[in-house]
Amino acid sequence: GRGLVGSAIEADLKPTRNTLDLMDLDATVAYIQANNVTEIIHCAAKVGGIKANMEQLGEFFYANMILNTNVLEAARKCGVTKMVSFMSTCVFPDDATYPLSADQIHNGEPHPSNYAYAYAKRMLDVQSRAYRDQYGCNFVTVIPCNIYGPHDNFDLENSHVIPALIRKCETAMEQDTDFVIWGSGKPWREFMYVGDVAEVATWVLNNYDSPVPFIMSPDEEVQISTIAQEIATVMGFEGAIVYDASYPDGQLKKPSDNSVLKQHMPDFEFTSIQDGLKKAIDWYKANKKDVRS
């Protein structure tokens with residue numbers, strides 16, 4: 001409830017790791033019952049960037065499998081009327097055709113850099129559909145692209161690309177060194193500001209009842225090198241940006257099919273990458289002593 005996505009969603013209850021252990025099924029059931037919870041947006045997960053995913057394969061698989069299974073089973077037992085669970089674009093097969101569409105999720109192996117996390121996230125789709133078919137549960141899933149913004153994780157060992165780049169740019173400025181980017185900078189990614197994600201997720205909770213995963217993504221991809229340059233500009237870095245190609249890039253492109261979002265929310269306006277990065281950087285500067293790092 002206090003993570004990147006949870007912090008942006010308006011809700012009556014926002015349990016934290018200190019108040020609810022989702023790895024404990026009985027505790028999760030007790031919490032839902034005690035608080036008369038009828039609707040859930042499930043955005044809890046063990047997450048990280050490409051480095052963390054490659055180094056902690058078993059940990060990522062186990063933690064996400066257990067907590068996802070527990071949350072859905074607890075919701076079923078307690079008669080929760082609606083649940084929206086967050087998946088990830090990494091669930092798609094490595095050799096999927098573009099744009100990525102919901103009907104391709106189980107058509108092949110995910111990318112080897114994060115296959116453990118990807119398989120655990122795929123099971124949210126399987127479990128949600130199984131509970132719908134057997135128990136009549138109105139459990140739906142969403143697939144967001146790369147999310148960024150306030151309350152992100154800025155730890156260099158475990159963060160995603162945008163918070164990692166913000167930290168690295170700041171360090172380069174403080175130490176008067178190059179701004180070093182892992183990889184070639186050539187991959188293209190879709191980025192969605194967390195406030196937009198929260199708005200769409202809330203709409204899905206109130207309006208979308210299909211078992212087909214709902215893809216959240218904007219209309220454009222942005223190259224990592226462009227993101228790095230934009231961060232440097234916003235933060236006032238005037239040194240050299242250097243790309244370290246000894247680190248892996250992951251997939252070159254991952255454009256996704258947001259036609260369902262556009263069909264249901266035709267007037268939705270996405271926050272531009274320029275505006276979103278400025279908001280994220282301003283929040284980071286104002287909250288540096290309290291950020292996850």
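**A four-stranded sheet, its helices and three salt bridges**

Aspartate 209 is partly exposed, with a relative accessible area of 44%, where partly exposed means in between buried, which is under 20% relative accessible area, and exposed, which is over 50% (1.4 Å probe, protein chains only). I will come back to this residue when I reach its partner. Before that, please keep in mind that this is a predicted model, in which local features need pLDDT of at least 70 and side-chain atom pairs count only at pLDDT 80 or more, while totals for chains, interfaces and linings use all residues. Residues are numbered from 1 along each chain as its sequence is written, and side-chain values use heavy atoms, with hydrogens and water left out.

Let me begin with the sheet. It is an open sheet of four strands in the order S1-S2-S3-S8, with parallel pairing; strands here, like helices, are DSSP runs numbered from the N terminus (E and at least two residues for a strand, H or I and at least four residues for a helix), and two strands pair if DSSP finds at least two bridges between them. In general, strands of a sheet pair through backbone hydrogen bonds, either parallel or antiparallel. Which strands stand at the edges of this sheet? They are S1 and S8 (214–216), each with a single partner strand, so one side of each is left without a neighbour in the sheet. Neighbouring strands are turned by 20° against each other on average, direction ignored, the axes being lines fitted to C-alpha atoms, for helices over the stretch in contact, and angles running from 0 to 180 degrees between N-to-C directions.

Now look at strand S2, residues 82–86, where five of the five residues are buried, so this strand is largely enclosed by the rest of the structure. Both of its faces are covered, with Lys82, Val84 and Phe86 on one side and Met83 and Ser85 on the other. Four bridges join S2 to strand S1 (residues 39–42), in parallel, and histidine 42 stands opposite serine 85. S2 also pairs with strand S3 (residues 139–144) in the parallel sense, over four bridges; here serine 85 stands opposite threonine 141. Between S2 and S3 the chain crosses through helix H5 (residues 115–135), and this β-α-β crossover is right-handed, which is to say that, with the strands pointing away from the viewer, the path from the first strand over the helix to the second runs clockwise.

Another bridge partner in S3 is valine 142, which pairs with phenylalanine 86. Helix H4 packs on the sheet, touching S1, S2 and S3, and its direction makes about 170° with that of S1; contact means heavy atoms within 4.5 Å. Helix H7 packs on the sheet as well, touching S1, S2, S3 and S8, and its direction makes about 145° with that of S2.

Within H4 (residues 57–77) we find asparagine 64, which is buried, with a relative accessible area of 0%. Not counting residues up to four places away in sequence, asparagine 64 touches Ala45, Lys46, Tyr117 and Ala120. As for H7 (residues 194–207), its 14 residues should span 20 Å at 1.5 Å a residue, and its end C-alpha atoms are 20 Å apart, which agrees; the expected span is 1.5 Å times one less than the number of residues. The buried residues of H7 include Val194, Asp196 and Leu205.

Finally, the salt bridges, each being a side-chain nitrogen of Lys or Arg within 4 Å of a carboxyl oxygen of Asp or Glu. How many are there by this rule? The count comes to seven. In one of them, the side chains of aspartate 209 and lysine 82 meet at 3.0 Å, N to O. Aspartate 209 lies in the loop between H7 and S8 and lysine 82 in strand S2, so the pair ties together parts that are 127 residues apart in sequence. Lysine 82 is buried, with a relative accessible area of 4%.

Aspartate 125 forms a salt bridge with arginine 129, the closest N and O atoms being 3.2 Å apart. Being four residues apart in helix H5, these two are separated by about one helical turn. Aspartate 125 is buried at 3% relative accessible area, whereas arginine 129 is partly exposed at 34%.
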